[in-house]
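Here are some short exercises to work through with the model open beside you. Try each task before you read its solution.

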Amino acid sequence: MELLNYILWNPNHTALSFGSFEIRWYALCWMIGLAIAYFIVKRLYQEQKIKDELFDPLFIYCFVGILAGARLGHCIFYEPQTYLTSMKGFIEMLLPIHFLADSGWKFTGYEGLASHGGTLGLILALWLYVKHYKMSLWQVLDFIAIATPTTATFIRLGNLMNSEIIGKITDVPWAFIFERVDSMPRHPGQLYEAIAYALLFFIGWYFYRKMPQKVGTGFFFGLCLTYIFTARFFIEYTKDIQVAFEAGMPLDMGQLLSIPFIIIGIWTMVRGWKKA
């Protein structure tokens with residue numbers, strides 16, 4: 001393999017810095033993705049003639065649900081031996097800190113977030129939201145589903161900037177050499193997912209403009225689940241394993257966790273298509 005033909009990748013973790021304060025690319029991508037989704041859902045609420053005071057608390061519910069679900073999902077599904085076998089590990093699962101060998105600790109942010117857990121956390125948060133504000137669950141799920149691909153796109157770009165969730169070794173001409181990992185050309189699995197999710201946004205927006213009456217049937221929620229986790233299932237074949245216990249498994253953890261979401265998504269999309 002001629003390494004000069006590949007993309008050398010080793011960006012700085014820090015996107016912006018102000019003195020000792022710094023914002024990392026991963027956090028910035030999260031913020032951009034959430035901000036874009038915020039304005040999209042706000043526009044959908046306005047077009048569907050829903051009161052502003054019902055929209056304002058939605059962002060808090062979504063942010064807490066996604067973050068808590070994504071963090072717990074990673075710790076429980078991918079690293080239970082680290083976070084569930086000791087009190088220090090349990091505390092690190094809940095708080096963005098890491099205990100040091102000399103008995104001190106440092107702030108690290110949440111290192112390890114899982115999209116499957118984030119999806120479950122988001123659904124639970126939306127259920128609590130609609131129960132409290134007496135709204136239609138299917139309507140809110142459809143609103144969020146139309147906007148979610150933008151957030152998912154930027155989260156995966158954040159993974160790319162962090163050189164994490166890397167792909168398998170390959171000789172395709174667009175391979176990345178993640179210099180923080182090794183000197184081998186690999187599939188940019190994060191970029192594959194980011195492109196797939198960006199395409200989903202335009203597909204969902206097209207259907208919304210053609211069929212706004214489908215909002216509230218669950219069609220858009222089903223489309224989002226089916227597309228995202230089907231794409232995730234197949235893109236996993238280009239990724240390296242994330243944790244050691246996945247070695248030798250016919251399907252990795254990401255694929256196994258995607259299957260229930262695909263089934264639920266197909267059922268919900270078909271159900272929503274049939275409803276007036």
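**Exercise 1. Two residues with an unusual phi**

Task: Find where Lys134 sits in the chain, and decide whether it is buried or exposed.

Solution. Step 1: Lys134 is in the loop between H6 and H7; helices (H or I, at least four residues) and strands (E, at least two) are DSSP runs, numbered from the N terminus. Before going on, note that this is a predicted model, in which local features need pLDDT of at least 70, side-chain atom pairs count only at pLDDT 80 or more, and totals for chains, interfaces and linings use all residues. Residues are numbered from 1 along each chain as its sequence is written, and side-chain values use heavy atoms, with hydrogens and water left out.

Step 2: Most residues other than glycine have a negative phi. Lys134, though not a glycine, has a positive phi near 55°.

Step 3: Lys134 counts as exposed, at 71% relative accessibility (buried means under 20% relative accessible area, exposed over 50%, partly exposed in between, with a 1.4 Å probe and protein chains only).

Step 4: Now turn to Ser163, whose phi is also positive and near 55°. Ser163 lies in the loop between H7 and strand S6 (176-178), and at 7% relative accessibility it counts as buried.

**Exercise 2. Aromatic rings**

Task: How many aromatic pairs are there, and why is the pair Tyr129 and Tyr133 tilted?

Solution. Step 1: Start with the rule: rings of Phe, Tyr and Trp (its six-membered ring) pair if their centres lie within 6.5 Å; planes under 30 degrees apart count as stacked, over 60 as edge-to-face and the rest as tilted. The count by this rule is 24 aromatic pairs.

Step 2: The Tyr129 and Tyr133 pair is tilted because the ring planes are at 40°, with the centres 5.2 Å apart.

Step 3: Both residues belong to helix H6 (residues 115-133) and are 4 residues apart, about one turn of the helix. Tyr129 is buried, at a relative accessible area of 0%, whereas Tyr133 is partly exposed at 24%.

Step 4: Look next for a cluster linked by ring pairs; its members are Phe201, Phe202, Trp205, Tyr206, Phe207, Tyr208, Phe219, Phe220 and Trp273. Over the face of Trp273 lies Lys214, 5.1 Å from the ring centre (a charge sits over a ring if NZ of Lys or CZ of Arg is within 6 Å of the ring centre and within 35 degrees of the ring normal).

**Exercise 3. The nonpolar core**

Task: Which helix gives the most residues to the largest nonpolar core?

Solution. Step 1: A nonpolar core is a set of buried Ala, Val, Leu, Ile, Met, Phe, Trp, Tyr and Cys residues joined through side-chain atoms within 4.5 Å. The largest one has 48 residues, and those with the most contacts inside it are Val41, Tyr45, Leu58, Leu126, Val140 and Ile144.

Step 2: Helices that each supply at least two residues of this core include H1 (25-47), H7 (137-161), H8 (189-210), H9 (219-235) and H10 (253-274). H9 gives the most, with 11 residues.

Step 3: Stay in H9 to find Phe233, which is buried with a relative accessible area of 14%. Phe233 and Met253 are 20 residues apart in sequence, and their C-alpha atoms are 9.9 Å apart in space.
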